[in-house]
Amino acid sequence: LKIFGGIDVLINNASKFYPTKINDVNEKSWSDIIDTNLKIPLLLSKEFYPELKKRKGSIVNIIDIHVNPPLKDHIIYNISKAGLLALTKALAKDLAPHIRVNGVSPGAIMWPESDIGNMKKKKEILSRIALRRVGEPNDIAKAILFLIQDANYITGQNIDVDGGRKLNM
């Protein structure tokens with residue numbers, strides 16, 4: 001922190017994402033996903049709280065549109081991201097008025113490597129997106145930048161950056 005002069009923003013973006021069907025749930029997959037997607041954002045928020053408070057900073061958590069409705073066969077991931085949404089709202093209450101805490105939930109931005117060649121699946125997903133196209137990483141960056149720079153009276157909120165996909169879920 002001394003090298004950079006402090007911290008103004010914490011973006012909790014690290015995430016583990018892989019399927020866990022109910023019969024595949026075990027302690028290892030639970031800890032792996034929950035620790036990365038939920039526990040670490042809480043601990044980082046706690047760690048950087050004093051500095052963020054001094055600087056009237058903000059926290060942005062990267063959640064997921066699949067908090068509601070959940071993604072089939074990803075039970076632990078769904079729980080972790082729903083927990084991250086709840087953590088976002090809880091931190092917004094607990095850290096106010098000094099720190100604003102919000103979330104961004106990406107929709108179809110980049111295709112998973114396993115789905116790159118699956119045109120049928122891509123067409124099916126695109127048919128449910130109101131804008132009929134995939135987003136770009138820059139769409140997420142712009143939403144985060146808005147929350148950091150231009151949203152001084154917004155806290156405890158989550159922005160779905162999904163091209164209108166949740167309209168058809």
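**Figure 1. K56 sits in the loop between helix 1 and strand 2.** This is a predicted model. K56 is not a glycine, yet its phi is positive, about 55°. K56 is exposed, with a relative accessible area of 54%. D73 also has a positive phi in a residue other than glycine, near 65°. D73 belongs to the loop between strand 2 and helix 2. D73 counts as partly exposed because its relative accessible area is 29%, which lies between the 20% and 50% limits. Most residues other than glycine have a negative phi.

**Figure 2. Two peptide bonds in loops are cis.** The bond from N68 to P69 is cis, with omega near -5°. P69 is found in the loop between strand 2 and helix 2. D73 has its place in the loop between strand 2 and helix 2 too. The bond from A96 to P97 is cis as well, with omega near 10°. P97 lies in the loop between helix 2 and strand 3. A96, on the other end of that bond, is in contact with L91. Most peptide bonds are trans.

**Figure 3. Strand 1 shows alternating side chains.** L10 and N12 point to one face and are buried. V9 and I11 point to the other face and are not buried. In a regular strand the side chains alternate between the two faces of the sheet. Strand 1 runs parallel to strand 2, and four bridges join them. V9 stands opposite S58 of strand 2. I11 has V60 as its bridge partner in strand 2.

**Figure 4. Strand 2 is mostly covered.** Five of its five residues are buried. S58, V60 and I62 point one way from the strand. I59 and N61 point the other way. On its pairing with strand 3, the sense is parallel, over five bridges. N61 stands opposite G103 in strand 3.

**Figure 5. Strand 2 takes part in two right-handed β-α-β units.** One unit is made of strand 1, helix 1 (residues 27-54) and strand 2. The other is made of strand 2, helix 2 and strand 3. K56 can be found in the loop between helix 1 and strand 2. P97 can be found in the loop between helix 2 and strand 3.

**Figure 6. The largest nonpolar core has 14 residues.** Those with the most contacts inside it are L52, I59, I63, L91, L95, I99 and V101. Helix 2 (residues 75-95) gives the most to this core, with six residues. Which residues does L91 contact, leaving aside its neighbours within four places in sequence? They are S45, A96 and V101. Apart from this core lies another, of ten residues. Its members include I140, A143, I144 and A151.

**Figure 7. Helix 4 turns its buried residues to one side.** The buried residues I140, A143, I144 and L147 belong to this helix. They cover an arc of only 95° around the axis, so they are on the same side of helix 4. An α-helix has 3.6 residues a turn, so residues three or four places apart point the same way. K142 and D150, on the other side of helix 4, are exposed. What do the buried residues of helix 4 pack against? They pack against strand 1 (9-12), strand 2 (58-62), strand 3 (100-106) and strand 4 (158-161).

**Figure 8. The length of helix 4 agrees with its residue count.** Helix 4 covers residues 137-150, which is 14 residues. At 1.5 Å a residue, the expected span is 20 Å. The end C-alpha atoms are 19 Å apart, which agrees.

**Figure 9. L126 lies in helix 3 (residues 119-127).** Is L126 buried or partly exposed? L126 is partly exposed, with a relative accessible area of 23%. Not counting residues up to four places away in sequence, L126 touches R132, R133 and V134. The C-alpha atoms of L126 and G163 are separated by 9.7 Å. Along the chain, L126 and G163 are 37 residues apart.

Key
Residues are numbered from 1 along each chain as its sequence is written. This is a predicted model: local features need pLDDT of at least 70, side-chain atom pairs count only at pLDDT 80 or more; totals for chains, interfaces and linings use all residues. Side-chain values use heavy atoms; hydrogens and water are left out. The expected span of a helix is 1.5 Å times one less than its number of residues. Buried means under 20% relative accessible area, exposed over 50%, partly exposed in between (1.4 Å probe, protein chains only). The arc is that of the directions from the helix axis to the C-beta atoms. Contact means heavy atoms within 4.5 Å. A nonpolar core is a set of buried Ala, Val, Leu, Ile, Met, Phe, Trp, Tyr and Cys residues joined through side-chain atoms within 4.5 Å. Two strands pair if DSSP finds at least two bridges between them. A crossover is right-handed if, with the strands pointing away from the viewer, the path from the first strand over the helix to the second runs clockwise.
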